[in-house]
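Before reading on, please look over the sequence and turn the structure slowly from side to side. The paragraphs below are meant to be read with both in view.

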Amino acid sequence: MQKTIPWFFSMHGGHSKEFCDHAESNIEDIILRAIELNMPVYGFSEHAPRKHDAYLYPEEIELQKTPQDLINSFYTYCDTLDKLQEKYASQITLLKGLEIEVVPPDDYVSFNQQLIKEGRIEYVVGSVHWVNNYMTDFSSETFYKAVEAHHGLENLIIAYYQTLKEMLISIKPDIVAHFDLITCFLKPEEVPEYSSKLVKVIEETLEEVKKNNCILELNTSGLRKPIQRIFPDTFIIQKSAELEIPFTFADDSHNIQQVGYQLEKARKLLLNQGITHIIRLNKTQQKIIREKISLI
Ligand SMILES: [Zn+2]
Ligand SMILES: [Zn+2]
């Protein structure tokens, strides 16, 4: 049997067809793929349900889903994963996470806290996909609508980081998802230079990552998007390293082909920046622990 590689894991992904309408594989097939790849731990972080029609994803609208359907599906996700954790316990450790949303802006905190508690969620991945009620990462079209509504790209990016910063303070997620996701629909040459305003808001956001004891993920899904790189970029990785913020890995898989996607590239990227260790979440006696894993 092949040996497990300690750093070959993902803490954000495992989105499955049963619980996410833009995912393509069954949850059990994703688990079997992670086992086949000899992953020691795999973290599932299904998208949180949303409680108002205004925040349904486009494919959910097409399928005429209601917020109540999403909430029901969330509880089924939790139960299903509990059973699958048991079924595959001798082969892989499966963690039950949740990728939260920051909508509705005025009461997402209590809503997410309720989901975390009632679903007995083991760890939280904090994401910002919506900025001031504009969805920013669904399509190029929705992204540019958000740019227009914010009167320009730099304003939107600043608003994105402000939303992220507020989420970090109020939710204190274990993991901060795709830190510079707001660039996902830009081609590499369209990314604006780091102005002093941008650097300031990024530094303030990273300080909250540090203060709230969060882990920053290297998310390889950016390689599948127009930006063509891992999130976050090297400037942000360097700034995070200066603050001694720990990193982890995320394949953001939505099908079996994406399980473990380009993690070797993420490892090399960190090593090239002089970072030799990452954090892996794991579980002992039903408690989530943080393990420091060498990349070498
Ligand atoms: Zn998704
Ligand atoms: Zn996400």
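What follows goes from the whole chain to its sheet, then to one helix, the core and a few details of the backbone.

The model is predicted, and its chain holds nine helices and ten strands. Along the principal axes, the C-alpha atoms fill a box of roughly 55 × 50 × 30 Å. A compact globule of 296 residues would have a radius of gyration near 19 Å, and the chain, with 18 Å, agrees with that expectation. Buried residues account for 43% of the 296 residues. Among the contacts between residues at least 6 apart in sequence, 77% join residues that are at least 24 apart.

A good place to begin is the sheet. Six strands form an open sheet with parallel pairing, and their order is β1-β2-β3-β6-β7-β8. At its edges stand β1 (41-47) and β8 (247-250), each of which has a single partner strand, so that one side of each is left without a neighbour in the sheet. In general, the strands of a sheet pair through backbone hydrogen bonds, and the pairing may be parallel or antiparallel.

How is β1 placed with respect to the rest of the structure? Seven of the seven residues of β1 are buried, so this strand is largely enclosed by the rest of the structure. In a regular strand the side chains alternate between the two faces of the sheet. In β1, V41, G43, S45 and H47 point one way while Y42, F44 and E46 point the other way, and all of these are buried.

The strand β1 is joined to β2 by seven bridges, and the two run parallel; S45, for instance, stands opposite G97 in β2. The strand β2 is mostly covered as well, with seven of its eight residues buried. Four bridges then join β2 to strand β3 (residues 123-126), again in parallel, and here E99 has V125 in β3 as its bridge partner. Further along the sheet, strand β6 (residues 175-176) runs parallel to strand β7 (residues 215-219) and is joined to that strand by two bridges, with I215 of β7 as the bridge partner of I175.

The strands β2 and β3 also belong to a larger motif, since together with α4 they make a right-handed β-α-β unit. The helix of this unit deserves a look of its own. In helix α4 (residues 108-118), the buried residues are Y108, N112 and L115. Seen down the axis of α4, these buried residues fall within an arc of 60°, so they line one face of the helix. An α-helix has 3.6 residues a turn, so residues three or four places apart point the same way. The buried residues of α4 pack against α3 (67-87), β2 (93-100) and α6 (153-171), whereas S110, Q114, K117 and E118, on the other side of α4, are exposed. After α4 comes R120, whose phi is positive, near 45°.

The nonpolar interior can be followed next. The largest nonpolar core has 76 residues, of which Y42, Y160, I175, V176, L216 and F249 touch the most other members. The element that gives the most to this core is α6, with nine residues. Leaving aside neighbours within four places in sequence, L216 is in contact with V176, F179, V209, S240, I245 and F247.

Is E86, which lies in helix α3, buried or exposed? With 10 C-beta neighbours inside 10 Å, E86 counts as exposed. The C-alpha atom of E86 is separated by 19 Å from that of G13, and the two residues are 73 residues apart along the chain.

Some details of the backbone remain, and they lie in loops. The peptide bond from V103 to P104 is cis, with omega near -10°, and P104 belongs to the loop between β2 and α4. Another cis peptide bond joins F231 and P232, with omega about -10°; P232 is in the loop between β7 and α8 (234-242).

Positive phi values are also found in loops. N132, a residue other than glycine, has a phi near 45° and is placed in the loop between β4 (130-131) and β5 (134-135). Because N132 has 14 C-beta neighbours inside 10 Å, this residue counts as partly exposed. H151, which is not a glycine either, has a positive phi of about 55° and lies in the loop between α5 (140-149) and α6. With 9 other C-beta atoms within 10 Å, H151 is exposed.

Technical notes
Residues numbered from 1 in each chain as written. Chains lettered and ligands numbered in written order. Predicted model: local features only at pLDDT ≥ 70, side-chain atom pairs only at ≥ 80, totals over all residues. Buried ≥ 20, exposed ≤ 12 C-beta atoms within 10 Å, placed from the backbone. Arc of directions from axis to C-beta. Contact = placed C-beta atoms within 7 Å. Core = buried A, V, L, I, M, F, W, Y, C linked by C-beta atoms within 7 Å. Pairing = 2+ DSSP bridges. Right-handed = clockwise from strand over helix to strand, strands pointing away. Rg over C-alpha atoms; globule rule 2.2 N^0.38 Å.
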